[in-house]
Amino acid sequence: MSKYVLNKFLYTVDRDPALVERYREDPVELVDWWRQSLAPQILNCHEIEASTWIDLTSQEYHALVHHDYRALFALGAHPFLTLTLFIALFERDYDEPLGFQLAYAAGLEEWKGLPYPDIST
Amino acid sequence: MATIAAIIASTHHPFYFRTSQLPPDEQPPFAPEWIRKVEQFRETLTVARPDLLVLVGSDHFHQLWLDNMPQFLVGNAPVYDANWYNEEREFALPKMKMVGNTDLSRHLLRSGLDDGFDLAFSNELRLDHSVTCPIITLRPQNDLPVVPIYTNIFAPPLPQPSRFVALGAALRRWVESWESDLRVAIIGTGHLSLELGGPLQFGPHGPSPEFDAQAVDWIANSKISEALQGVSLESLALPGNATHGFMDFLLMMGAVGESVRADYVDTYDLFHTMEAYFTWYPKEVPL
């Protein structure tokens, strides 16, 4: 649908410790739940004022349920939001300090020297 | 009228707090020198004897969000809670609380609105590490009231670099026109070259040592015209995808004025990004 919705997912999950853990353990469950509950909620508004049109595309859904940060980068999700959430998800699995961050950078190697995807929303 | 006691521009590195808290035998090799440099930098604020701090930074998608994104925002609260769960999680930053000064907040807002800057405001603002890092490094006793100012360097469309310079120059005028006997330090934090969430992140140095050397020269000598000729919103993406944080340095250069050499300059080449510390003392103000 838009980079905004991807960013909204990253933002709303990253700021909630319980959602971070659910996303790590069962991404399909969490993303499906998010589409129904948080996606339509206009932040700072009562739930009765929920959005009638916000949703993920199948491409965006696929990237999120596969924890695919490379796809999120290519789709123009805000890289700061993606990085912050993915550090919370996976840094714990690496023994070396910054081990995950360096692996993450290596995973995006193909973008070196190229213009990055537009992140404006 | 209020006095500008010092103008300070600095990088903000969220890992400093945790690094500085480690026992010596657990510190990484770069830590002792980093701590020494920060403590020396801290002294440049201490000797200015400030009564109040205006803190310029940028919310990292904590409270300010894409459904309602201000370009420039002035905190207008009597108290500010600070630091967020994900900053505690990633950087081990402590929860903090700072006292505000709503008299100055209202003065800055009124002055801005009357002076061509349609500033947003917040009466309930939780601050993040762009503002708490300089408290940790420069005023760890956290004993002074603050007025925070947030800029948008994260969520395009961004204001032009020249707008940051203009806001900095105006901010100084507004502080100097505040009817108060207080000594105000204006402290702003930003970045040199920086990559977050891209292939250049977390290298042994900042992603562009060339940009960093150029930027330090621009800032240390407040070469505003040269810097504005040298950067654009498009070019700032090239040294690293988060290098737009340099515009907070431009704001501080605007507050300093054209071609004023900093009284204190220091840098430290760290992994991931270069640290840079600058202090100016207005010449007419006694220390």
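Start by selecting A:N44, B:Q63, B:L64, B:D67 and B:N68: of the 18 residues that line the second largest pocket, these lie nearest its centre. Keep in mind as you click around that you're looking at a predicted model.

Stay here for a moment. This second largest pocket has a volume of about 500 Å³. If you colour its lining by class, you should get ten nonpolar, six polar and two charged residues.

Next stop: the largest pocket. Clear your selection and pick A:P117, A:I119, B:A237, B:N241 and B:H244, which lie nearest the centre of this pocket. Its full lining runs to 31 residues, and its volume is about 780 Å³. What does the lining of the largest pocket have by class? Colour it again and you'll find 20 nonpolar residues, along with seven polar and four charged ones.

Now for a single residue. Select B:V285 and find its place in chain B, in the segment after β10, the strand that covers 274-280. Is B:V285 buried or exposed? It counts as buried, because its relative accessibility is 14% and the cut-off for buried is under 20%.

Who are its contacts? Leaving out residues up to four places away in sequence, B:V285 touches B:T3, B:I4 and B:R183, so show those three as sticks, taking contact to mean heavy atoms within 4.5 Å.

Last click: add B:A48 and draw a line between its C-alpha and that of B:V285. The two residues are 237 residues apart in sequence, yet the C-alpha atoms are 9.3 Å apart in space.

Definitions and conventions. Residues numbered from 1 in each chain as written. Chains lettered and ligands numbered in written order. Predicted model: local features only at pLDDT ≥ 70, side-chain atom pairs only at ≥ 80, totals over all residues. Heavy atoms only, no water. Helix = DSSP H or I, 4+ residues; strand = E, 2+ residues; numbered from the N terminus. Buried < 20%, exposed > 50% of the residue type's maximum accessible area, 1.4 Å probe, protein only. 1 Å grid on protein atoms, 1.4 Å probe; cavity = no way out; pocket = protein on both sides within 12 Å on 5 of 7 lines; lining within 4 Å. Points joined across faces, edges and corners; volume = space filled by probe spheres on them. Nonpolar A, V, L, I, M, F, W, Y, C, P; charged D, E, K, R; others polar.
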